[in-house]
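I set out to record what could be looked up in this structure, moving from the overall fold to individual side-chain pairs. The entries are kept in the order in which I made them.

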Amino acid sequence: MDARIIIVLVMNFIISLIGTLAYSVRLVGVRTGKIAISFALFNVLMLVSRLAVTIQNPILSKFVETGAENINIVNSFNLIIIISGVASIVGAFLIPSFQRILGKGVESFSEQRSFQKLIIHSFSKAGIKYVKNSIAIPVKESITSIDLKKFPKRIIVLNIIIVAASTVGALAPIYAGSLQPDLGKTCMSLSALINGVATILMTLVTDPQLSMMTDDVMEGKCTEEDFRTCVIGMVGSKAVGTFLALFLLIPASYIIIFVAKII
């Protein structure tokens, strides 16, 4: 396997893993009562995710440009999507451990009020011991106790669509450019359009709903258990949306070519 694809696979795993863990940040904020600090600390991981995105896109484009005749691009892209889906599942299993670790980080930051001290403490003997002790396997009851009637079905369905669009939005333009080299630059520019639409939907639909539910929990209008059910649904929908992108890659690529021809 080409070394560049391996790098992209690693980058996508990191991106999808962090994206999955993001859904649990609100739960940590609710439990600690410090939502702003929870997001502030998680934003450090988001910087890692954005860096991974910045690194992978040029590498993937160059990989297609220099070896398109000797590789099966669809198989390579499908592998990238599958790895992203696997990362979502891994992230789901890591959420209990991540919540404990982030919760402790929020408490420590609230006391020390210094990010530098928090980093130093994290790599101290006591910090490493706490991380080890925080590792927890999700219990079966976390799933079996879910009341499906309380699932926010509309938001979950929309999240599946948003995740699928975001996933193919990064890959379909590159594949479209390989199918229609004379429109390669135009196809690549349409990536921002696809991701932009997905971002708008997320900003206008899913994020406000989750924010309102977070406030409702803080005000006692919604139980933490109901909120946890919603978070589990969002995590599950992310995995489903990622794997759904496998079936959308080729159709999306041809739609991009069509749009590139008429604009």
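The entries below cover the fold, the surface and two kinds of side-chain pair.

**Entry 1: fold.** I note at the outset that the model is predicted. I looked up the secondary structure and found ten helices and zero strands. Read from the N terminus, the elements run α-α-α-α-α-α-α-α-α-α. I then took the radius of gyration, which is 20 Å. The globule rule gives 18 Å for 263 residues, and the two values are close, so I recorded the protein as being as compact as a globular protein of that length. Along its principal axes, the C-alpha trace spans about 55 × 45 × 30 Å.

**Entry 2: contacts and surface.** I asked what share of the contacts between residues at least 6 apart in sequence joins residues at least 24 apart. The share is 85%. Turning to burial, I found that 42% of the 263 residues are buried. The protein exposes about 14,100 Å², and carbon and sulfur atoms supply 67% of that area.

**Entry 3: salt bridge.** I searched the whole structure for salt bridges and obtained one. Its partners are Arg228 and Glu225, whose side chains meet at 2.6 Å, N to O. Where do Arg228 and Glu225 lie with respect to each other? Both belong to helix α10, residues 224-262, and they are three residues apart there, so about one helical turn separates them. I next checked whether each partner is buried or exposed. Arg228 has a relative accessible area of 16%, which is under the 20% limit, and is therefore buried. Glu225, at 38%, is partly exposed.

**Entry 4: aromatic pair.** I looked for paired aromatic rings, and the count came to one. The pair is formed by Phe42 and Phe98, with ring centres 6.0 Å apart and planes at 75°. Why is this pair edge-to-face? The angle of 75° between the planes of Phe42 and Phe98 is over 60 degrees, so the edge-to-face class applies. I then placed the two residues in the fold: Phe42 lies in helix α3, residues 35-67, and Phe98 lies in helix α4, residues 73-112. The pair therefore ties together parts that are 56 residues apart in sequence. Both Phe42 and Phe98 are buried.

**Entry 5: summary.** I set the two results side by side. The salt bridge of Arg228 and Glu225 sits within helix α10, whereas the pair of Phe42 and Phe98 links helix α3 with helix α4.

Notes. Residues numbered from 1 in each chain as written. Predicted model: local features only at pLDDT ≥ 70, side-chain atom pairs only at ≥ 80, totals over all residues. Heavy atoms only, no water. Salt bridge = Lys/Arg side-chain N within 4 Å of Asp/Glu carboxyl O. Helix = DSSP H or I, 4+ residues; strand = E, 2+ residues; numbered from the N terminus. Buried < 20%, exposed > 50% of the residue type's maximum accessible area, 1.4 Å probe, protein only. Phe/Tyr/Trp six-rings, centres within 6.5 Å; stacked < 30°, edge-to-face > 60°. Rg over C-alpha atoms; globule rule 2.2 N^0.38 Å. Contact = heavy atoms within 4.5 Å. Areas by Shrake-Rupley, 256 points an atom, 1.4 Å probe, with all protein chains shown as cover.
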